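Please find below my notes on this entry, set out as numbered points. They go from one helix pair to the cysteines and then to the chain as a whole.

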Amino acid sequence: MLLKDKIAVVTGGTRGIGYAIVKAYLENGATVVLCGSKPETAQKAVDQLKTENPNWKVEGIAPNLTDYDSVKAAFDAVEKKYGRIDILVNNAGVSDSAKIGSYTPEMFQKTMDLNVNAVFNCTRAVVDGMKERHRGVILNTSSMVSKYGQPGGVAYPTSKFAVNGMTLSLARELAPDGIRVNAVAPGITKTDMVAALPESMIAPLIAQIPLGRIGEPEDIANAFVFLGSDMAGYISGQVLGVDGLARC
């Protein structure tokens with residue numbers, strides 16, 4: 001168990017990659033507090049996980065990640081209950097595919113608020129406690145499009161490029177405090193959205209991937225387990241691509 005007795009907070013942990021991260025952390029011995037957009041969706045995820053293993057230590061919360069005070073209050077409550085937060089996984093995010101001609105400033109800002117500002121809010125809320133203990137791990141979800149762009153939805157790759165910059169900068173700043181900061185950049189992954197696509201759309205996507213398949217959420221979760229563990233104790237400031245060698 002690579003994460004035995006670790007206390008982890010995972011945002012966007014109710015479905016897709018986030019849910020897979022939560023499950024992988026629990027399988028590896030962590031206690032996990034997952035964040036959902038609503039209390040009921042967070043509790044639904046917790047209930048589902050408990051049906052798989054009643055002994056897993058998991059609970060759900062639903063702070064407004066774009067509001068620092070809401071995040072700070074929720075994370076302070078976690079620290080009060082468990083004594084610390086060892087690992088923060090900033091996974092919550094939103095994407096879209098709108099073309100620039102139909103983009104509104106409000107649409108752009110909504111993506112930046114959740115994909116960038118929320119990462120800052122959550123990180124700021126845990127960093128003081130990690131500094132006091134001279135130990136901690138912060139992991140961010142980036143994307144392969146942060147390196148290669150995408151033909152539409154410009155706010156999404158822009159936001160993930162910002163996440164990369166935040167990751168690298170905070171890794172340098174926080175290393176003397178014993179805090180490691182890394183990111184994982186998934187490629188095309190079989191989330192609910194991708195799984196619902198017709199075969200005629202899936203086949204061209206697979207053709208771009210030298211390993212010959214779309215990634216599973218578990219593929220991405222495994223990277224988060226490794227980077228959160230002591231096995232990655234000398235790794236910081238990295239954006240780890242988990243994309244089957246896809247480069248377009």
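**Notes on the predicted model**

1. Helix 3 and helix 4 cross with a right-handed sense. The model is a predicted one. The two helices cover residues 68-82 and residues 105-133, and their axes come within 8 Å of each other, at a crossing angle of roughly 35°.

2. Which residues make the contact between helix 3 and helix 4? From helix 3 come Tyr 68, Val 71, Lys 72, Phe 75 and Glu 79. They meet Asn 121, Cys 122, Arg 124, Ala 125, Val 126, Gly 129 and Arg 133 of helix 4. By class, this set of residues holds six nonpolar, two polar and four charged members.

3. Glu 79 deserves a separate entry. This residue lies in helix 3 and is buried, with a relative accessible area of 17%; the cut-off for buried is under 20%. Apart from neighbours within four places in sequence, Glu 79 is in contact with Arg 84, Ile 85, Val 126, Gly 129 and Arg 133. Val 126, Gly 129 and Arg 133 also appear on the helix 4 side of the contact with helix 3.

4. How many disulfides does the model contain? The count is zero. The closest cysteine sulfur to that of Cys 35 belongs to Cys 122 and is 6.4 Å away, which is too far for a bond, because a disulfide requires the two sulfur atoms to be within 2.5 Å. Seen from the other side, Cys 122 takes part in no disulfide, and its nearest cysteine sulfur is that of Cys 35.

5. Are these two cysteines buried or exposed? Cys 35 is buried, at a relative accessible area of 2%. Cys 122 is buried as well, at 1%, and is one of the helix 4 residues that meet helix 3.

6. For the overall fold, the protein chain has nine helices and seven strands. Its radius of gyration is 17 Å, close to the 18 Å given by the globule rule for 248 residues, so the chain is as compact as a globular protein of that length. The C-alpha trace spans about 50 × 40 × 35 Å along its principal axes.

7. Two further values describe the protein chain. Of its 248 residues, 48% are buried. Among contacts with a separation of 6 or more, 74% are between residues 24 or more positions apart.

Methods. Residues are numbered from 1 along each chain as its sequence is written. This is a predicted model: local features need pLDDT of at least 70, side-chain atom pairs count only at pLDDT 80 or more; totals for chains, interfaces and linings use all residues. Side-chain values use heavy atoms; hydrogens and water are left out. Axes are lines fitted to C-alpha atoms, for helices over the stretch in contact, and angles run from 0 to 180 degrees between N-to-C directions. A crossing is left-handed if the near helix is turned anticlockwise from the far one by less than a right angle, and right-handed if clockwise. Contact means heavy atoms within 4.5 Å. Ala, Val, Leu, Ile, Met, Phe, Trp, Tyr, Cys and Pro count as nonpolar, Asp, Glu, Lys and Arg as charged, and the others, Gly among them, as polar. Buried means under 20% relative accessible area, exposed over 50%, partly exposed in between (1.4 Å probe, protein chains only). The radius of gyration is taken over C-alpha atoms; the globule rule is 2.2 Å times the number of residues to the power 0.38.
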